[in-house]
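Good morning, colleagues. Please take a moment to look at the structure on the screen before I begin.

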Amino acid sequence: MTSDAPFTAPVTTPDAGGGAPGHLPWPVPRRGDAPETEAPPARSEGLVDTFGRVARDLRISLTDHCNLRCTYCMPAEGLPWMARPQMLTDEELLRLVRVFGDLGIEQVRLTGGEPLLRKGLTDIVAGIAALPNRPRIAMTSNGIGLARRAADLADAGLDRVNISLDTIDRETFATLSRRDRFDDVVAGLAAAAEAGLAPVKVNAVAMRGVNDDGVADLLQWCLERGYELRFIEQMPLDAQHGWERAQMVTAGEIRARLEERFTLTPVPERGSAPAERFLVDGGPATVGIIASVTAPFCGACDRVRLTADGMVRNCLFARGEVDLRGPMREGASDRDLVRLIRGEMWRKAAGHGIGKPDFTQPTRPMSAIGG
């Protein structure tokens, strides 16, 4: 397609009740949150929104499939997974990463679901690493299966990893994840460190009455192994829509728990990083706390998301998204894709709005958006 007219993607909504195989139980809107005021500035200015924020970090969900069933993410029976034809092919994905790179993206984070379940993951990493404007390449994973793949992924160009681990208590892990895979996660972390995927970071969610009494133990465990721990406030992204703010363990509570055993000294100059970092007992080791709900960092957000089925989301909590997969498969040019991407970023809202009367939880769960 070479026309100067903007490419218009048709609006389609999957069946609400599951429908035919591969249909999803949530609607897929195509419009963004903020009103369309005026066209975004020239391409040379990057992926800018109406508040002057510039997106430099692309989060890509490679699949919505996962081999855990964490209680704060999805029901025990799992979810209707995307069928393969719905997902971007490797070639489509790499094309979009190149287009985003031309728009100023400096880091790509591969997420899921569980990205290690994506066939061709190593080739995808190698393809991104071979791009002319090579971005930094990170991956967020549950670590299951990483032990046998860490070295190959590092050789392909993966720079670092974040591994989810909410507790070091085996029984609590099994209760939270509904799977007895604690040893696999621990092995994955060790393999990542051995492969040089540094810094190896650990992501943890503290849940009231479940694992919040073990946050200091988890930090001590990470310190002994050289991992960088990041606590994340639980966000309303569960498929069950059962999140309650009153049950969320706040960043302040996490810090208070840690300070019962450690001395925490704030690290200045946070920039666009989501975590507030603290030196532990004077350093050099640090711990981070991401207060996504109680102290959101929306004003400095530099992220944009691409789902496994090719939808661009300008915010984790966006009420809308724009389709790139459909236009690509109908012959859209790179210039057409740029228009769609820039238009979606231009509609980015000032903040996620959690706690406001009109806040609405995303219809897609976290496993279908990507972390």
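**A strand and its surroundings**

I begin with one pairing: Asn203 has Arg230 as its bridge partner in β8. Please bear in mind throughout that this is a predicted model.

The pairing belongs to a wider arrangement. Strand β7, residues 201-205, and strand β8, residues 228-232, run parallel and are joined by five bridges. β7 also pairs with strand β6, residues 160-164, again in the parallel sense, through three bridges. Within that second pairing, Lys201 of β7 is the bridge partner of Asn162.

Why may we call β7 largely enclosed by the rest of the structure? The reason is that five of its five residues are buried, and buried here means under 20% relative accessible area. In a regular strand, side chains alternate between the two faces of the sheet. In β7, Lys201, Asn203 and Val205 lie on one side, Val202 and Ala204 lie on the other, and all of them are buried. Both faces of the strand are thus covered.

Let me turn to what connects these strands. Together, β7, helix α6 and β8 make a right-handed β-α-β unit.

The helix leads us to the nonpolar core. The largest such core has 90 residues, and Leu110 and Leu258 are those with the most contacts inside it. Its largest share, six residues, is contributed by helix α6, residues 215-225. A second core, separate from this one, has five residues, including Cys315, Leu316, Phe317 and Ile369.

What surrounds Leu110, if we leave aside its neighbours within four places in sequence? Its contacts are Ile60, Leu62, Pro115, Leu121, Val125, Ile128, Ile137, Ala138, Met139 and Thr140.

I close with the aromatic residues, where the count comes to two aromatic pairs. Phe173 and Phe182 form an edge-to-face pair, with 5.8 Å centre to centre and 70° between the planes. Phe173 and Phe182 are both buried. The pair formed by Trp221 and Tyr227 is tilted, at 5.9 Å centre to centre and 55° between the planes.

Are Trp221 and Tyr227 buried or exposed? Trp221 has 10% relative accessibility, so it counts as buried. Tyr227 is buried as well, because its relative accessible area is 9%.

To summarise, β7 is paired with β6 and with β8, and it is largely enclosed by the rest of the structure. Thank you for your attention.

Terms used. Residues are numbered from 1 along each chain as its sequence is written. This is a predicted model: local features need pLDDT of at least 70, side-chain atom pairs count only at pLDDT 80 or more; totals for chains, interfaces and linings use all residues. Side-chain values use heavy atoms; hydrogens and water are left out. A nonpolar core is a set of buried Ala, Val, Leu, Ile, Met, Phe, Trp, Tyr and Cys residues joined through side-chain atoms within 4.5 Å. Buried means under 20% relative accessible area, exposed over 50%, partly exposed in between (1.4 Å probe, protein chains only). Helices (H or I, at least four residues) and strands (E, at least two) are DSSP runs, numbered from the N terminus. Contact means heavy atoms within 4.5 Å. Two strands pair if DSSP finds at least two bridges between them. A crossover is right-handed if, with the strands pointing away from the viewer, the path from the first strand over the helix to the second runs clockwise. Rings of Phe, Tyr and Trp (its six-membered ring) pair if their centres lie within 6.5 Å; planes under 30 degrees apart count as stacked, over 60 as edge-to-face and the rest as tilted.
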